[in-house]
Amino acid sequence: MYAFRFTQSSFTIKMCDISNREPHLYVCGNNSCGQLSGLTKDVDVNEDDSTMPLGLTCLTSVAVNIFPAPLVFTWSQVVGVKDNGSLCFYGYNSCKMAANIEAKVKDNVTSIVECGNCVLVQSKGGIVLMTDDGKYTEIENPDDVTIFGATSNAFYGVKDGECYKASLNKAVEEPSLTFSSINPGPTPGLSTPRLTVLSLACGVEHTLFLTDGGRLFSSGTSSRGQLGHGCVTVDLVSVPMEISTLEGIQVVAIATGSWHSAAATAEGDIYMWGWNESGQLGLPTSPNPDRPVNDECLYQDVGHVQIQPEPFGLDLPDDYHVTMVTCGSRHSCLLTAAGEVFVTGWNKCGQLGLGDTKSRDCFTHVYVENITKGRVKSIHAQGWNTSIAVET
Amino acid sequence: MDSSTNKSDGNNTHKKLMESFIAALDTHTISKHVDSDFVGEAVLSKINACVGYFKAHKFGTCTELCGFMLDIVWEKLNTGHWKDVIISWRHAYTIISVCKASSEYCQLIEEEGDVSFQMVMKSCDMGLLMGAPVCDNILASLSSFLQHVYQCKVQGQSDEKNASSKLAFECRKRKKGEFMEDKNEEQVTDINNDTHETDLKKYKRNTRSEGLESRMDPEKIIQRIACPSMEHFMTHFRSSETPVIITGAMDGWPAMSSRKWSLDHIKAKAGYRTVPIELGSKYTDDSWSQKLMTVREFIETHIEGKSDTATDDVPIGYLAQHQLFEQIPELEKDILTPDYCYLGDSDDVDINAWFGPEGTVSPLHYDPKHNFLSQVIGRKYIRVYPYSETDKLYPHESTLLKNTSRVDVDHCDTVKFPDFHRAKYRECILERGEMLYMPPKVWHFVKSLSVSFSVSFWWE
């Protein structure tokens, strides 16, 4: 039994054998359309059921036959891959979505991207853009670029190590994505070798590009300092610019929330920047934070901040090495080498998995039952949800 | 009839009123304002579900779902430039706010859930601030009604029945100054003579503002004229685009006399309403930001300095350029739009409130419209430069700030801006009861010399 998995720091799509393992997937957060109720019970839930909680505040295990590829969360749906390689939908209009996609996506799915209120599904057969009413649009992809992310007005993809950007014009009869090259790197005109992009991540108004050598570039709008160049501006940076604060530091993993960014380094450090209105950077939001007594958190001894326009390296205890970072819209998660998960930021739907809906402004340890038996393999946050995969 | 029957009658009337507001939000009307092509079908479905829960009297569920949907929409409103935000999202925010406020009010009168009047008004205010009007500005009508109910409660009058019968069930367009004409106007007396209001004679100098005034050259002071006729104003000042201070034109304002504005009066009329406050010394600074808080919190923290964190560095806060009178029509009744504003081509007058402590600064900038800046409380130092002096005023180059000078008038960097001192200007200290006329594109710098409440009228 095979399936595919995206890894965080490279585009290689790895096939892996899951037949002998029972990996556990846990989810929490937004459940407004019954998407988590469906996922954790593997049943179709009546989305108009008012007794359903709007959010699941504790990490809850998912029905086993859902493969733990990163689930794609929109605000009203979850898209996952079943063990037989087919797509499954939970949440709003789930039956219609599933029925329609099956007709269109024949070969293995190579990419699923959330973009606003749409879900883009890419397979060898082509690209299908699905809206939450169950309707879909087939899109031409003549350049054969693999799409990996979307901001509020463009798609970003990679082909042969090079980066491309495309806008989508849905108004035309036969929409197609026309990609133009968008490569980070040296000033135009100088003859220096092109950089290979290893990974990219999109927020609603910005994109991060990780190149070989561990260099980090960003493009878009820094309305909340999310570009990391040290300023807050609505002016558009269209050519990816290197984040100078991180020059000389080898970045190995990146993540973006709607208006914030994160980078993990080869040394196991973590840098955060962008909007901190709910504490999503793990930095204090007020002079006298009111933190629950039982929280075990990675306290930062700095003044409170709403916007951090430049990467800020968190102060971590010596034996903590960050191996993975992921961001939802306004929250962030870290995974350490010891297999521990820390969360921070907006928590109104319970997306931090801490058992309540109080937001946190400092990375807080999440306890999950059964985790002591297994070790956390990966974390994934998106929108208002968080999921973790545990090996048993 | 005993009082409990009266109360339940009153409650039923109010619930029916809330239902009438919600009745305006039928599926068809909602789809007209919220386009599912932009927001997606799920959003539309959930908005209709909110209305559905209200109609089924499931107020707790309605309030919760409304809160959740507002969070969804809020993220969309914060994406990209505000001016580019698709109107459907702003309409959605308003519609959900109407639903939430109505639902919370019903919870309040039924005493279920943990709802306070402040929460209800906050829901209205967030909708007014972030949304865009739908259905003849139904949210403004709802807010005004709820405000009136709250005022009655606070004043101790059991006049809820009177209030609801005066408000017609249909949502009608609010006419300036006419809304909810209250025949039994409550007379508000000042409980205290506001000690923060410096009642200065025209030429008495406050020692703390000596710095600026000692530098004032009598030749440069903006001229004053008492109540000019429309023709005189047109000929001598508007046509020639000459700034002038008009005295005596505000004498008829209730805010200056019968319902004199003071900090206590403002707290009484608007204390629990949520407003956007600018924090930081000026909008050109890096540390400048905006924060939402109630008027009461603003006055107590930034003007009276009564905050709990008295030892902390409280940044300067300024309620600046806010359409307070759209939000709180009660206060609009206390001011009068100057007749001179109707000499223009348009009947639309944009009225803004500017309320803050001593030391608030509007950096040197210009606006595209004519302006009457009127002092209701306190005094301000104002300096004006004609547009012809622009080359000596070093405007910012970015599109967003090209109407703003890079020069800090209070502390001019003569090395960076060598020509600034050669620019010709006029200046004044605008006292309470005076109105400064500024033509379009006149550069101006404003600094409050005391607790100050100004009302600006922009017209063209």
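A residue counts as buried when its relative accessible area is under 20%. Keep that cut-off in mind as you click around, and remember that this is a predicted model.

**Stop 1: chain B as a whole**

Select chain B and colour it by secondary structure. You should find 15 helices and 13 strands. Of its 460 residues, 54% are buried by the cut-off above. The accessible surface of this chain comes to about 20,900 Å², and carbon and sulfur atoms account for 49% of that. Now look at which parts of the sequence meet: among contacts between residues at least 6 apart in sequence, 78% join residues at least 24 apart.

**Stop 2: where chain B meets chain A**

Show both chains and select the residues in contact across the boundary. That gives you 28 residues from chain B and 33 from chain A. Together the two chains bury about 2,300 Å², with carbon and sulfur atoms giving 57% of it. Which three residues supply the most of what chain B buries here? Pick B:Glu41, B:Phe68 and B:Glu75: they supply 24% of the area that chain B buries against chain A, more than any other three residues.

Next, turn on polar contacts. Across this interface there are 12 residue pairs in polar contact, counting those with both residues at pLDDT 80 or more. On the chain B side, highlight helix H3 (36–39), helix H4 (41–55) and helix H5 (59–77), each of which supplies at least two of the residues touching chain A. H5 of chain B gives the most, with 11 residues. By residue type, the chain B side splits into 11 nonpolar, nine polar and eight charged.

**Stop 3: A:Trp75, reaching both ways**

Centre on A:Trp75, in the loop between strand S5 (66–73) and strand S6 (77–82) of chain A. Is this tryptophan buried or exposed? Its relative accessibility is 14%, so A:Trp75 counts as buried, the cut-off being under 20%. Show what A:Trp75 touches, leaving out residues up to four places away in sequence, and you get partners in both chains: A:Asn30, A:Ser32, A:Cys33 and A:Gln35 are among them, and so are B:Ala42, B:Val43, B:Lys46, B:Phe68, B:Met69 and B:Ile72. While you're here, try a C-alpha distance: A:Trp75 and A:Asn31 are 44 residues apart in sequence and 8.6 Å apart in space.

**Stop 4: A:Arg330 and its two glutamates**

Side chains of opposite charge can pair when their charged atoms come close. Between chain B and chain A there are two salt bridges. One of them joins A:Arg330 to B:Glu75, with the closest N and O atoms 3.3 Å apart. This pair crosses from helix H5 of chain B to the loop between S25 and S26 of chain A. Both B:Glu75 and A:Arg330 are buried.

Stay on A:Arg330 and add A:Glu277: their side chains also meet in a salt bridge, at 3.0 Å from N to O. A:Glu277 sits in the loop between strand S22 (270–275) and strand S23 (297–298), 53 residues from A:Arg330. A:Glu277 is buried too.

**Stop 5: more salt bridges**

Over all chains, the count comes to 27 salt bridges. For one within chain A, select A:Glu242 and A:Arg215, whose closest N and O atoms are 2.7 Å apart. A:Glu242 lies in strand S19 (233–242) and A:Arg215 in strand S18 (215–222), so the pair ties together parts that are 27 residues apart in sequence. A:Arg215 is partly exposed, at 33% relative accessibility. Then jump to chain B and select B:Lys267, B:Arg296, B:Glu300 and B:Glu304, which are linked in a network of salt bridges.

**Stop 6: two last residues in chain B**

Go to B:Ser240, in the loop between helix H11 (230–238) and strand S2 (244–247). B:Ser240 is partly exposed, with a relative accessible area of 43%. What does its side chain make a polar contact with? Look for the side chain of B:Thr242, at 2.8 Å. The backbone oxygen of B:His236 also lies 2.8 Å from a polar atom of the B:Ser240 side chain.

Finish at B:Gln327, in helix H14 (324–327). B:Gln327 is buried, with a relative accessible area of 5%. Setting aside neighbours within four places in sequence, its contacts include B:Asp125, B:Leu128 and B:Arg273.

Conventions
Residues are numbered from 1 along each chain as its sequence is written. Chains are lettered from A and ligands numbered from 1 in the order in which they are written. This is a predicted model: local features need pLDDT of at least 70, side-chain atom pairs count only at pLDDT 80 or more; totals for chains, interfaces and linings use all residues. Side-chain values use heavy atoms; hydrogens and water are left out. Contact means heavy atoms within 4.5 Å. Buried area is the accessible area (1.4 Å probe) that two parts lose on being put together, summed over both. A salt bridge is a side-chain nitrogen of Lys or Arg within 4 Å of a carboxyl oxygen of Asp or Glu. A polar contact is a pair of N or O atoms within 3.5 Å; within protein, one must be able to donate a hydrogen and the other to accept it, and residues adjacent in sequence count only if both atoms are side-chain atoms. Helices (H or I, at least four residues) and strands (E, at least two) are DSSP runs, numbered from the N terminus. Ala, Val, Leu, Ile, Met, Phe, Trp, Tyr, Cys and Pro count as nonpolar, Asp, Glu, Lys and Arg as charged, and the others, Gly among them, as polar. Buried means under 20% relative accessible area, exposed over 50%, partly exposed in between (1.4 Å probe, protein chains only). Accessible areas come from the Shrake-Rupley method with a 1.4 Å probe; for residues, only the protein chains shown count as cover.
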